[in-house]
Amino acid sequence: MYIKFGLVLILLFSLFGCGQPVASGKLEKVGLLVPDTIDDKVWGTKGYKGLLKIQSELGVDVFYKEGMNDEFSIRSAIDEFQEKDVNLIFGHGSEYAAFFNTICKDYPDIHFVLFNGEASGENVTSLNFESHAMGFFGGMVAGEMTNNNKVGVLAAFEWQPEIDGFFEGAYFQNENVNVDIQYVQDWNDVTTAMALLDAMIAEGVDIVYVAGDGYNISVIERLKEEGLYAIGFVSDQSDLGKGTVLTSTVQHVDVLYELVAKSFDSGELESGELFYDFQDGVISLGKFSPLVEKSFQTDLQESIEEYKESGLLPNQL
């Protein structure tokens, strides 16, 4: 059970592992703070799966709380976690940066981890996906598959690195393509996202990169109704329609959570800002729609492998 939109989740859930603990170093128990819900099937769900992976692989008790998006609820949750001997806390988003950096000195025995933000405390780490390349390869798929030479990006915010990457990849693959980029200015605003989508469809856009969280599924379902196409985001969203989702740009948060927990357990987790990309096994493309030619899939995978080795995108070679 959860309560959305800024209300504090009342119940604290504990997930108990089976067998003997694998963690044998610094790691004791792990907590997760999610700003909205773990049931969004995109970003929040990814964080929850990462927590379960830590529980499964390291055999430690883990806890989570939803609706953690204000100072009072966050500090209350941290205090509860501390009472349960949690010493590694993931704040599942960039919104936790300012708070973690401010209060970290009050909890010297806890290490705080967040995403895509600044980390200034000695016991604070920011995990950052290098998303430019992921967007580039997704853009290549859109540039290859568009029938109208009009594709779109329905993004949450201007700062997302995958947006420029998508534009560059689409143009690299198809120099005749036009890319319409629109910003919802929120990860979860379905109403605004659908209005922007309607405008894109009216302009003849036939493929949309749905680079957001809460509105992601609604947009893909609408594209399916219209016989149009999508590039999924964060999760492999091929299950929403193989004839609609051409591929997805996947961030393997669960894998990264496990890597971070193991690094902390061994005393090797660095504070500050850490960056991860295809080379680290935490970013990939998802399953391809049967509509995407096998020969193109092969060529694209070769480009990804070359990027892993050289660090150079196809337009940089």
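**Notebook: aromatic pairs, pocket and loops**

I began with Tyr64, which has a relative accessibility of 7% and therefore counts as buried, the cut-off being under 20%. I note at the outset that the model I am reading is predicted.

*Entry on aromatic pairs.* I next asked how many aromatic pairs a search of the whole structure finds. The search gives 19 of them. One of these joins Tyr48 and Tyr64 in an edge-to-face arrangement, with 5.2 Å from centre to centre and 70° between the planes. I then looked up where the two residues lie: Tyr48 is in helix α1 and Tyr64 in strand β3 (residues 62-65), so their pair ties together parts that are 16 residues apart in sequence.

I compared this with a second pair, Tyr107 and Phe112. Their ring centres are 6.2 Å apart and their planes meet at 75°, so I record this pair as edge-to-face too, since planes over 60 degrees apart count as such. Are these two residues buried or exposed? Tyr107 has a relative accessibility of 4% and counts as buried. Phe112, with a relative accessible area of 0%, is buried as well.

I also looked for a cluster of rings. Trp43, Phe90, Phe115, Phe129 and Tyr257 form one aromatic cluster.

*Entry on helix α8.* Tyr257 led me to α8, where it is one of the buried residues. The others I listed as buried in this helix are Val253, Leu256, Glu258, Val260, Ala261, Ser263, Phe264 and Asp265. I checked the length of α8 (residues 253-265) as well. Its 13 residues should span 18 Å at 1.5 Å a residue, and the C-alpha atoms at its ends are 18 Å apart, so the two values agree. After the helix comes Gly267, which has a positive phi near 80°.

*Entry on the largest pocket.* I looked up how much space the largest pocket holds and found about 540 Å³. Two or more residues of its lining come from each of α1 (43-58), β6 (124-129), α5 (161-173), β10 (229-234) and β12 (272-276). The lining has 33 residues, and those nearest the centre of the pocket are Trp43, Ser94, Asn116, Trp159 and Trp187. Of the lining residues, I noted twelve as nonpolar, twelve as polar and nine as charged. Trp43 thus appears twice in my notes, once in the aromatic cluster and once by the centre of the pocket.

*Entry on positive phi angles.* Asn116, already noted in the pocket lining, has a positive phi near 55° although it is not a glycine. I located Asn116 in the loop between β5 (111-115) and β6. Its relative accessible area is 31%, so I enter Asn116 as partly exposed.

Lys41 is another residue other than glycine with a positive phi, here about 65°. It is found in the loop between β2 (29-33) and α1. Is Lys41 buried or exposed? At 57% relative accessibility, Lys41 counts as exposed, because the cut-off is over 50%.

*Entry on Gln279.* Finally I looked at the loop between β12 and β13 (283-285), where Gln279 lies. Gln279 has 36% relative accessibility and counts as partly exposed. Which residues does Gln279 touch, leaving aside those up to four places away in sequence? I found Tyr307, Lys308 and Gly311. I also recorded the distance from Gln279 to Ile304: they are 25 residues apart in sequence, and their C-alpha atoms are 9.6 Å apart in space.

Notes: Residues numbered from 1 in each chain as written. Predicted model: local features only at pLDDT ≥ 70, side-chain atom pairs only at ≥ 80, totals over all residues. Heavy atoms only, no water. 1 Å grid on protein atoms, 1.4 Å probe; cavity = no way out; pocket = protein on both sides within 12 Å on 5 of 7 lines; lining within 4 Å. Points joined across faces, edges and corners; volume = space filled by probe spheres on them. Helix = DSSP H or I, 4+ residues; strand = E, 2+ residues; numbered from the N terminus. Nonpolar A, V, L, I, M, F, W, Y, C, P; charged D, E, K, R; others polar. Phe/Tyr/Trp six-rings, centres within 6.5 Å; stacked < 30°, edge-to-face > 60°. Buried < 20%, exposed > 50% of the residue type's maximum accessible area, 1.4 Å probe, protein only. Expected span 1.5 Å × (residues − 1). Contact = heavy atoms within 4.5 Å.
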